Amino acid sequence: LFSSQKTTEIPTAKTIYLSQQGKIIFEKNNESWEIDVITTINTKKKRNYISKSLAQKLKQSNKVTLALNNNISIKEPYLRKSQKITGNRVELGVDTIKRFYIKPIHKSQIETNFIQPEAIITDEIDQIQILDQKLHDILKKISLSKILKPSNYLDEFDKFISRKGKYNPQFKYDFPQNKKLLHRNHELKKLWDAHKKWTLLKSPFAQLFYEKILESNQKLQLIKAYKTQNYEKILEYNQKLYGSIDTDLAEEAKQLRTKKSPKPEREVQYGAQRLADKIKKHLKTKNRKNITIKLSPSIQARIHVWLSNSASITINSTATFSETDLESIIAHEINTHIQRYQNGKDSGRNILRKWTAYYGKTEEWLAIRNAEKALKKFNPQYKNITIYTNYDLIHESQTHNFQQLTDMIRSLWLFDKKNLWLNDIFRKVTRFKKGITDTKTIHPWASNFKNKIYLDGYLEIKKQKSKKQLYIGKIKIDDLKYMKK
């Protein structure tokens, strides 16, 4: 159990954790009932104990079973009432746990020291933890970025290159079957109804989870809209998730991207291994372990950070990087995305490890801000024009098809035609037309608004005085009211 090596000598069917989630299943008045609980172990107690409130619910019940979430069932666990236990908690004593191996890991460890005391009610801590896990289990099956990645990306890219950019790609997507979308929608609705539409839990902190349910439903609706190419619904749910295009801000962005700027000096370029070595060294100084770094020629971007059960970094082995690239990537990816992820993971809350609802604006501008600070060490006059350019291009994508947008990007002062490769343009325009199958279509709603949040976040976070709190996890500025200063 204490070795990193796997063994088949200890059956997982007989292993329990220091803490984990489960259910009490019982019959009462000829009906079957379930109560979500968190179980812990206590080697100093002989018997099993539950809170007074749970004991009341189980009064006059029969056929009681404690079902743990790793497929272990304990029939008739003889649960006794204890005044010292609160919430939906079951404490297993020696008479029960002696039948199992104990893995010294907390699967439901609860940390509340980062939350404002008035933002969480003590008796609701267990219920919030259970809601956190249930929501996580549903949402890990929904990945908008994966679904909206064209399955024929390379084929269409080849056509685009061979025709020198004079081509409107015909993208294909592996959209989920209607049955799967309905099932996910049913799971969210069931959770929503169980919590009585935001009213079951009174803790202000619980609003983070209720907002997340709402956002997740909007993502499902956006997937449905893209699947049917329903432009009206595509616009509606893009606006709900990412906000509307501000035409005045788009005009300001247009003025900035058409303004002439001196061409930067050409920097020495380094290979991907140089970046990998620099990241490893930086992670070591931050005492960040268990983060894998690998090189691959098959990823579309120069670098991709994957944040799931653990963090991993993939660097395009064919890419090159300047010294300023190296510094800005570490500031952007490591000191923002990975740091917020790791801190969220350390909190024990899935929602802070993955993200709270509508967190994107805060996340991306923090990353841009950190990269900007790193770049200003090389050039004190540096200003990130790209976020303005992208905002304007998203606005332009509503009246231009893929090829027309390509021609527009080629003509911008920002790009040197000799040095900007067509693959960079293809990748950029694909982001603006993400989810659209026939990119020849010119329609005011045939666009993806996600990249606008970079500039939105920039303008919002400039007003924020203290930014240290934002590293508690993947949260947005509005969530700070629930966190300790």
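Reader: How many residues does the hairpin that joins S10 to S11 pass through?
Author: S10 and S11 are strands, meaning DSSP runs of E with at least two residues, numbered from the N terminus, as are helices (H or I, at least four). The hairpin takes S10 into S11 through three residues.

Reader: What pLDDT must side-chain atom pairs have to count?
Author: Numbering starts from 1 along each chain as its sequence is written, and side-chain values use heavy atoms, leaving out hydrogens and water. The model is predicted: totals for chains, interfaces and linings use all residues, local features need pLDDT of at least 70, and side-chain atom pairs count only at 80 or more.

Reader: In which sense do S10 and S11 pair, parallel or antiparallel?
Author: Pairing requires at least two DSSP bridges between two strands. His304 has Thr314 in S11 as its bridge partner. S10 (residues 303–307) and S11 share five bridges, and the sense is antiparallel.

Reader: Which residue in S11 stands opposite Ser296?
Author: S9 (residues 292–296) pairs with S11 over five bridges, in the parallel sense. Opposite Ser296, in S11, stands Asn316.

Reader: What is the strand order of the open sheet?
Author: The sheet has three strands and mixed pairing. S9 and S10 each have a single partner strand, so one side of each lacks a neighbour in the sheet. From one strand to the next, the twist averages 20°. The order is S9-S11-S10.

Reader: Why is S11 largely enclosed by the rest of the structure?
Author: Buried means under 20% relative accessible area, with a 1.4 Å probe and protein chains only; over 50% is exposed, and in between is partly exposed. Ala311, Ile313 and Ile315 are buried on one side, and Ser312, Thr314 and Asn316 on the other. S11 (residues 311–316) is largely enclosed because the number of its six residues that are buried is six.

Reader: What angle does H10 make with S9?
Author: H10 (residues 272–285) packs on the sheet and touches S9, S10 and S11 (contact is heavy atoms within 4.5 Å). Axes are lines fitted to C-alpha atoms, for helices over the stretch in contact; angles between N-to-C directions run from 0 to 180 degrees. H10's direction and that of S9 make about 175°.

Reader: Which helix gives the most to the largest nonpolar core?
Author: A nonpolar core is a set of buried Ala, Val, Leu, Ile, Met, Phe, Trp, Tyr and Cys residues joined through side-chain atoms within 4.5 Å. The largest has 82 residues, and Phe205, Phe209 and Met483 have the most contacts inside it. With nine residues, the top contributor is H7 (residues 207–228).
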